[in-house]
Each structure stands twice: as C-alpha cells, then as structure tokens.
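Student: I should like to learn how to read the features of a structural model. May we work through one together?

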Amino acid sequence: MGAIATAVYGALGTGPRGEVAEITHTWEDVEARLGQLILTAAAALDDLTGDAWDTVDERLRFLVARVAA
C-alpha cells in the first residue's frame, strides 16, 4: 500500500500532509501498482485456498446479494 500511496501523491503533486510537491508519477504508475497489488493478493489467496478465483467469485456473489437486499 505504501508504493500505491507514494504513486498517488506523486501523481497529485502533493505530500502525505497535503503540502505541495513535485509531480513524480503518472496515473499509469498508480494503475500499475494497483495491478501489482491485485496479483500479489491473488497469489497469496491461492496459496491459502487453492483456488483464488473461486474464493473471489464467492465473495463477490455474497457482496452483490447483500447490496441487492
């Protein structure tokens, strides 16, 4: 999460306390770091469950049902 936050601050041109800073990242950098986080989480989930995508599918179905209720 720290790398994502750093990229967001860099894309916004701010620091963590709202101070003005140099633009050091692009929104594509933020997207790349978010994608890396998703893949890392999926690998960890697959190690725990043996089927990351089935686990994600079950969770999404639960959340959709909850929102629909």
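Student: Which residue follows helix 1, and what is the sign of its phi?

Tutor: This is a predicted model. In it, G13 comes after helix 1 and has a positive phi, near 75°. The end of helix 2 can be read in the same manner: G50 follows that helix, and its phi is positive, near 85°.

Student: Where does G13 lie, and is it buried or exposed?

Tutor: G13 belongs to the loop between helix 1 and helix 2. Its relative accessible area is 8%, so G13 is buried, the limit being under 20%.

Student: Which residues does G13 touch, leaving aside those up to four places away in sequence?

Tutor: G13 touches E19, V20, A21, E22 and I23. A distance can be added to this picture: the C-alpha atoms of G13 and T24 are separated by 7.2 Å, with their positions 11 residues apart along the chain.

Student: How should one read the pattern of buried residues in a helix?

Tutor: The general idea is that an α-helix has 3.6 residues a turn, so residues three or four places apart point the same way. In helix 1 (residues 2-12), the buried residues are I4, A7, G10 and A11. Viewed down the helix axis, these buried residues fall within an arc of 130°, so they line one face of helix 1.

Student: Against what do the buried residues of helix 1 pack?

Tutor: They pack against helix 2 (27-49).

Student: How many residues does helix 2 have, and what span does it reach?

Tutor: Helix 2 has 23 residues and reaches 33 Å from its first C-alpha to its last. That span is close to the 33 Å expected at 1.5 Å a residue. A44 is one of the residues in helix 2; with a relative accessible area of 39%, A44 is partly exposed. The C-alpha atoms of A44 and H25 are 27 Å apart in space, the two residues being 19 residues apart along the chain.

Student: How does one read a salt bridge, and how many does the structure hold?

Tutor: In general, side chains of opposite charge can pair when their charged atoms come close. The structure holds 1 salt bridge. It joins the side chains of D57 and R61, at 2.9 Å from N to O.

Student: How are D57 and R61 placed in helix 3?

Tutor: They are 4 residues apart in helix 3 (residues 52-68), and therefore separated by about one helical turn. As for accessibility, D57 counts as partly exposed at 31%, whereas R61 is exposed, with a relative accessible area of 58%.

Student: Which residues form a nonpolar patch on the surface?

Tutor: The patch is formed by W53, V56, L60, F62 and L63, which together have about 490 Å² of accessible area. Among them, L60 is found in helix 3, and W53 lies in helix 3. W53 counts as exposed because its relative accessibility is 58%, and exposed requires over 50%.

Student: How far apart in space are W53 and R17?

Tutor: From C-alpha to C-alpha, W53 and R17 are 37 Å apart, and in sequence they are 36 residues apart.

Note on methods:
Residues numbered from 1 in each chain as written. Predicted model: local features only at pLDDT ≥ 70, side-chain atom pairs only at ≥ 80, totals over all residues. Heavy atoms only, no water. Salt bridge = Lys/Arg side-chain N within 4 Å of Asp/Glu carboxyl O. Helix = DSSP H or I, 4+ residues; strand = E, 2+ residues; numbered from the N terminus. Buried < 20%, exposed > 50% of the residue type's maximum accessible area, 1.4 Å probe, protein only. Arc of directions from axis to C-beta. Contact = heavy atoms within 4.5 Å. Patch = residues over 30% accessible without salt bridge, like charges linked within 9 Å, V, L, I, M, F, W, Y side chains within 5 Å. Areas by Shrake-Rupley, 256 points an atom, 1.4 Å probe, with all protein chains shown as cover. Expected span 1.5 Å × (residues − 1).
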